[in-house]
Amino acid sequence: MHLVNPITREQIALPSVTTMEHVNPIFNESGALHKYEFSLHTATRVSYAEPSIFALGELRDYIYSKAFVFTDTFTGGCIVVLIHEPAGQISFARVGDDKWTWHPSHSHYSDCIYIDGLLYALTAQGEIHTLDLSGPTITMKTIIGSLSYSRYIVQAPWGGLLLVWRSVEDIEEDYEADLPADHATFVRYTREIKIYSVDTMGKKHVEINSLDGHVLFLGHNQSLCLSTEQYPHLKENYTYFTDDDEAWLFGFKNKRRDIGLFDLKHNSREELVSPQLWSNFPAPVWITPSFTKLNFA
């Protein structure tokens, strides 16, 4: 694994996948890395299933759910956080580390952000955990418990946190005989997006209907909320989204992806471009291009 700047083509190596808790290397008779052994345990669940064996080019299709790159508040370097299988667990590494650090206290995470030295991690059940990554061991606190089945957590530029809920539905389309075998006869569309402002002190959330001069970006990487005053070419009070349903992505690799804009005021969707992008696999992600060279010496 590497950090890669697609503009400057700069690459920085990250720790080997074999240093993750759930991965063991398998070597051939000559001592070369041959395959990976992948176990399915969590800190609270012992797996009685035999570990899975993957070829070198296959494991990445199964282990990674989301990857995030955050600026380390204390060192000025980077922290890379992975949400990964089995069961949506978290591991992280700083640039220069020789191994991944596993967070064993919980699982089933769906999204996270890093603010002032704390990782705010959202579970599939709507809990928000804070993880202090600064010490030799990870310290976890639950700041909100099971508020809603939100999929994204976002830092609001005006302060505080936002939770975002996204609803999709499958719509049938005409089947074409010459399409690949894994091409479904239906397409997936985002139909509704709801946003909640989080009161961490009162441990509650309130639905909001306007972003007041801001725009959201949702997808298979870090969720963002940006100001349309700073980025005037973006549509105010809209959500820009890409496909991030893992079962859909890997079950139908040749399918067109759910990409578009959602008008929060009128509760309607628009196409990002016309004709609609195909961009089937891997899933497209949002990036902020940078020409800055990374220097973590």
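This passage walks through the domains, two sheets and the aromatic contacts of a predicted model.

Start with the overall layout. The protein chain splits into domain 1, covering 1–146, and domain 2, covering 151–284. Measured by nothing fancier than C-alpha centres, the two domains lie 24 Å apart. They do touch: 19 residues of domain 1 are in contact with 22 residues of domain 2.

One of the sheets is an open one made of three strands, in the order β3-β4-β5, with antiparallel pairing. Its edges are β3 (23–27) and β5 (52–55), each of which pairs on one side only. On average, neighbouring strands here are turned by 35° against each other, direction ignored. Between β4 (residues 33–38) and β5, the antiparallel pairing runs over four bridges. Within that pairing, E37 has I53 in β5 as its bridge partner.

Another open sheet has five strands, and here the pairing is mixed, with the order β19-β18-β20-β21-β22. The edge positions go to β19 and β22; each has a single partner strand, so one side of each is left without a neighbour in the sheet. Neighbouring strands in this sheet are turned by 25° against each other on average, again ignoring direction.

Strand β18 deserves a paragraph to itself. How many of the five residues of β18 (residues 214–218) are buried? The count is five of five, so the strand is largely enclosed by the rest of the structure. Both of its faces are covered: H214, L216 and L218 are buried on one side, and V215 and F217 are buried on the other. On the β19 (residues 224–227) side, β18 pairs in the antiparallel sense over four bridges, and a hairpin of five residues makes the connection from β18 to β19. With β20, β18 runs parallel, and three bridges join the two. L216 shows up in both pairings: its bridge partner in β19 is C225, and its bridge partner in β20 is T239. Next along β18, F217 stands opposite Y240 of β20. As background, strands of a sheet pair through backbone hydrogen bonds, either parallel or antiparallel.

That brings the story to β20 and its residue F241, which is found in this strand (residues 238–241). Is F241 buried or exposed? Its relative accessibility is 0%, so F241 counts as buried. Leaving out residues up to four places away in sequence, the contacts of F241 include T190, I193, L218, D258, I259, G260, L261, F262, R269 and W286. R166 is also one of the residues F241 touches. The F241 and R166 pair is 75 residues apart in sequence, with a C-alpha to C-alpha distance of 10.0 Å in space.

Now for the rings. Searching the whole structure turns up seven aromatic pairs. One of them is F54 with Y62, whose ring centres are 4.8 Å apart and whose planes meet at 35°, so the pair is tilted. F54 has a relative accessible area of 10%, so it is buried. Among the others is Y240 with W286, an edge-to-face pair with 6.2 Å centre to centre and 85° between the planes. Y240 lies in strand β20 and W286 in the segment after β22 (268–270), so this pair ties together parts that are 46 residues apart in sequence. At 7% relative accessibility, Y240 counts as buried because the cut-off for that label is under 20%. Ring pairs also link F38, F54 and Y62 into a cluster. Besides the ring pairs, there is a charge over a ring: the charged end of K194 sits over the ring of W165, 5.5 Å from its centre.

Notes:
Residues are numbered from 1 along each chain as its sequence is written. This is a predicted model: local features need pLDDT of at least 70, side-chain atom pairs count only at pLDDT 80 or more; totals for chains, interfaces and linings use all residues. Side-chain values use heavy atoms; hydrogens and water are left out. Buried means under 20% relative accessible area, exposed over 50%, partly exposed in between (1.4 Å probe, protein chains only). Contact means heavy atoms within 4.5 Å. Rings of Phe, Tyr and Trp (its six-membered ring) pair if their centres lie within 6.5 Å; planes under 30 degrees apart count as stacked, over 60 as edge-to-face and the rest as tilted. A charge sits over a ring if NZ of Lys or CZ of Arg is within 6 Å of the ring centre and within 35 degrees of the ring normal. Two strands pair if DSSP finds at least two bridges between them. Axes are lines fitted to C-alpha atoms, for helices over the stretch in contact, and angles run from 0 to 180 degrees between N-to-C directions. Domain bounds come from an automatic or database domain assignment.
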